[in-house]
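Trainee: Could we take a close look at one part of this structure together? I would like to learn about charged side chains that pair up.
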Amino acid sequence: MPNIINEIKLDFKDVLLRPKRSIIKSRNDVNLYRNITFRNSKQTYNGVPVMASNMDTVGTFNMAKALSKNGLFTCIHKYYTVEEWRKFASDNPECLKNVAVSSGMSDADFARLSEILKAIPDVMFVCLDVANGYSQHFVDYVRRVRAAFPTHTIIAGNVVTGEMVEELILSGADVIKVGIGPGSVCTTRMKTGVGYPQLSAVIECADAAHGLQGHIISDGGCTCPGDVAKAFGAGADFVMAGGMFAGHDECDGELIEKDGRKFKLFYGMSSSTAMEKHAGGVAEYRSSEGKTVEVPYKGDVQNTVQDILGGLRSACTYTGAQKIKELSRRATFIRCTQQLNNIYS
């Protein structure tokens, strides 16, 4: 007999943060930096815990250079060569504390990861990224990378349930990426019927991770700065975004002009576009699980960064959180049927 969980699970669109009495005088008094010591690597991190996704249009070296100036983090996509990594590291040593090397779980991925980490010892973050973090093969791969790199901080995912968060942390990961299907160019839920509403997934997974002194990333589902605030309120230690960082000068891809308007291409990493680019096409045993869209051109990413950080400071002020870490302690969510008045949208 199939099981049905009758408890309602919620997404960012289903809730609002309840305002609370506050002693904060100004948004400028809110501290968005976090100091974190990771469970397994024992490394420390200090920065604004907002991340650009390791999608190949968004997780670029140019994005890392721009975001690092504001203390934000970039998970660099896995398609740069070792030589390109060397040049980036040589030209931008100040960025290396705010980037991760991404890897899949094949032997070729492991060899490439090892080569990069050997060539650039100042990079201390590794992002082990697969669509389905529930396979035993992935757990074994996390253990393999931990054994090979005992002092590197390992990001691993994606999963959406507490028991798998615990499994990955106990296998050597420090930070677990949470999210299956919430992304703007992800079609996993439509193609497979698999997923978990993101707000509830973050709450469940944060509780599991923090019980083991681990950490989580809310990965996907944020459409605006308010959603980023809700993810932190739900207990996320980091929030990762792809679509919110798409369409900027710092993204890879050509500028497209149509009818006097400018666009940039943005696509999911399981889309046919990505698989044709990096794997020679969609394998016959699988289907595409991502969209390809033309995102309106947004110019310099700095404008988006300021929008996100300004929204976070304001959310903290409304809830009485003087630091970003306090937002989850101060957060009370209100279920709602409508968030916005869209009459002029």
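Is R189 buried, exposed or partly exposed?

Mentor: Happy to help! This is a predicted model, in which local features need pLDDT of at least 70 and side-chain atom pairs count only at pLDDT 80 or more, while totals for chains, interfaces and linings use all residues. Residues are numbered from 1 along each chain as its sequence is written, and side-chain values use heavy atoms, with hydrogens and water left out.

To your question: R189 is partly exposed, its relative accessible area being 30%. Here, buried means under 20% relative accessible area, exposed means over 50%, and partly exposed lies in between (1.4 Å probe, protein chains only). R189 has a partner, D11, and the two form a salt bridge with their closest N and O atoms 3.9 Å apart. That term stands for a side-chain nitrogen of Lys or Arg within 4 Å of a carboxyl oxygen of Asp or Glu. D11 itself counts as buried, at 17% relative accessibility.

Now see where the partners sit. R189 belongs to helix α6 (residues 188-192) and D11 to the segment before β1 (15-17), so their pairing ties together parts 178 residues apart in sequence. Helices (H or I, at least four residues) and strands (E, at least two) are DSSP runs, numbered from the N terminus.

For another example, try D91 and K87, whose side chains meet in a salt bridge at 2.7 Å, N to O. Both lie in helix α2 (residues 82-91), four residues apart, which is about one turn of the helix. K87 is exposed at 56%, and D91 is partly exposed at 46%.
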